Every structure is written in C-alpha cells, then in structure tokens.
Amino acid sequence: MANLQEENLGTIKISDEVITVCAANIVSKIPGVCQLTGGFTESLSKNILGIDPSGKGIKLSRSDEDLILDIYVIVEYGVRIPQLAWEIQSKVKQELESITDLKVLEVNIHVQGVNLPGEEYKG
C-alpha cells in the first residue's frame, strides 16, 4: 500500500462577493423566480453612490466554515410560493456546499413581490 503524504500549501479563502454571485446565478435559473431584488441598503448604494451590487438580492452572513443566506426575490404570478421557496433553499444549499466546501446553515427566502402577467416588474 502506498504511503500518502499531505502537504500544507496554504489556505484558500472565497470572498463573500463570489459566494453571493454564485447564489444569484443559482436562483436566477429556477423557474418561477422573476428576479432578485435588493433591500433598502442596495437601493441606497445604487441610487446615491452609483454602485450596482453584483450579488443583488443576496445577503450573506458567515463564519469560518458556515454560511447563512437571506435571498430576496420577486416571484412569477401563479407559482406556489412555499414550493418555490423550498426549491430555492434546497438548490442553493446543495450547489453552494459543493462549490465552496462550506456548510450552509440557513437559506432564508424573502418574497418581496409578485410579477403579474402582462406587466414588467418595476421594482
């Protein structure tokens, strides 16, 4: 049997922005989600400072090994919100854990509005 040797070459740190962009991409591909929407602070950043946050609609809290996400969405009219929320939670948790190798403790979904048929959401 071969003797395996481990080398410690350093640490890998994944920035919060990378995690929020990954989460936003995962959520945007789920049918029934109209768009991600930011809260008050994101509106402030965009309107006053001219900064458009890349992880719009995603708030991330983290420790060294754990993640907690708050996701703010506008849903399409007619979708079953509890079922959609469950799908968002499970896909985000599964994919982020596989991408980052960090533990996702919570994925909290905040439905901010409903996109009605024939109207473009102006949120």
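In the predicted model described here, the buried residues of helix α1 are covered by elements that include β1 (33-36), β2, β3 and α3. The buried positions of α1 are Ile 19, Thr 20, Ala 23, Ala 24, Ile 26 and Val 27. Viewed down the axis of α1, these buried residues fall within an arc of 160°, so they line one face of the helix. This arrangement can be set beside a general property of helices. An α-helix has 3.6 residues a turn, so residues three or four places apart point the same way. The length of α1 was also examined. For its 13 residues, a rise of 1.5 Å a residue predicts a span of 18 Å, and the end C-alpha atoms of α1 are indeed 18 Å apart.

The overall organisation of the chain gives the setting for this helix. The protein chain contains three helices and four strands, and these elements follow one another in the order α-β-α-β-β-α-β. Of its 123 residues, 28% count as buried. The protein chain exposes about 8700 Å², of which carbon and sulfur atoms supply 51%. Among contacts between residues at least 6 apart in sequence, 69% join residues at least 24 apart.

The interior was analysed next. The largest nonpolar core comprises 24 residues, and those touching the most other members are Val 27, Leu 69, Ile 71, Val 73, Ile 88, Val 92 and Leu 96. At least two residues of this core come from each of α1, β1, β2, β3, α3 and β4 (103-115). Val 27 thus appears both among the buried residues of α1 and among the core residues that touch the most other members.

Val 73, another of these core residues, was considered in more detail. Val 73 belongs to strand β3, which covers residues 66-76. Its relative accessibility is 1%, and Val 73 therefore counts as buried, the limit being under 20%. When residues up to four places away in sequence are left aside, Val 73 touches Val 27, Val 33, Gln 35, Leu 36, Thr 37, Ile 109, His 110, Val 111, Gln 112 and Gly 113. One of these partners, Gln 112, is 39 residues from Val 73 in sequence, yet the two C-alpha atoms are 5.7 Å apart in space.

Charged side chains were then surveyed. Side chains of opposite charge can pair when their charged atoms come close. A search of the whole structure finds four salt bridges. One of them joins the side chains of Asp 16 and Arg 62, with an N to O distance of 2.9 Å. Asp 16 lies in helix α1 (residues 16-28) and Arg 62 in strand β2 (residues 58-62), so this pair ties together parts that are 46 residues apart in sequence. Both partners count as partly exposed: Asp 16 has a relative accessibility of 39%, and Arg 62 has a value of 33%.

Helix α3 (residues 81-100) holds both partners of a further salt bridge, Glu 87 and Lys 91, which are four residues apart and hence separated by about one helical turn. The side chains of Glu 87 and Lys 91 meet at 3.1 Å, N to O. Glu 87 is partly exposed, with a relative accessible area of 26%, and Lys 91 is likewise partly exposed, at 31%.

Glu 97 and Lys 93 form another salt bridge, in which the closest N and O atoms are 2.8 Å apart. These two residues also lie four residues apart in helix α3, with about one helical turn between them. Glu 97 counts as partly exposed at 23% relative accessibility, and Lys 93 counts as partly exposed at 31%. Through salt bridges that share partners, Lys 93, Glu 97 and Lys 103 are joined into one network.

The backbone shows a further feature at Asp 101, in the loop between α3 and β4. Most residues other than glycine have a negative phi. Asp 101, although not a glycine, has a positive phi of about 65°. At 69% relative accessibility, Asp 101 counts as exposed, whereas Val 73 in strand β3 counts as buried at 1%.

Conventions. Residues numbered from 1 in each chain as written. Predicted model: local features only at pLDDT ≥ 70, side-chain atom pairs only at ≥ 80, totals over all residues. Heavy atoms only, no water. Buried < 20%, exposed > 50% of the residue type's maximum accessible area, 1.4 Å probe, protein only. Contact = heavy atoms within 4.5 Å. Areas by Shrake-Rupley, 256 points an atom, 1.4 Å probe, with all protein chains shown as cover. Expected span 1.5 Å × (residues − 1). Arc of directions from axis to C-beta. Core = buried A, V, L, I, M, F, W, Y, C linked by side-chain atoms within 4.5 Å.
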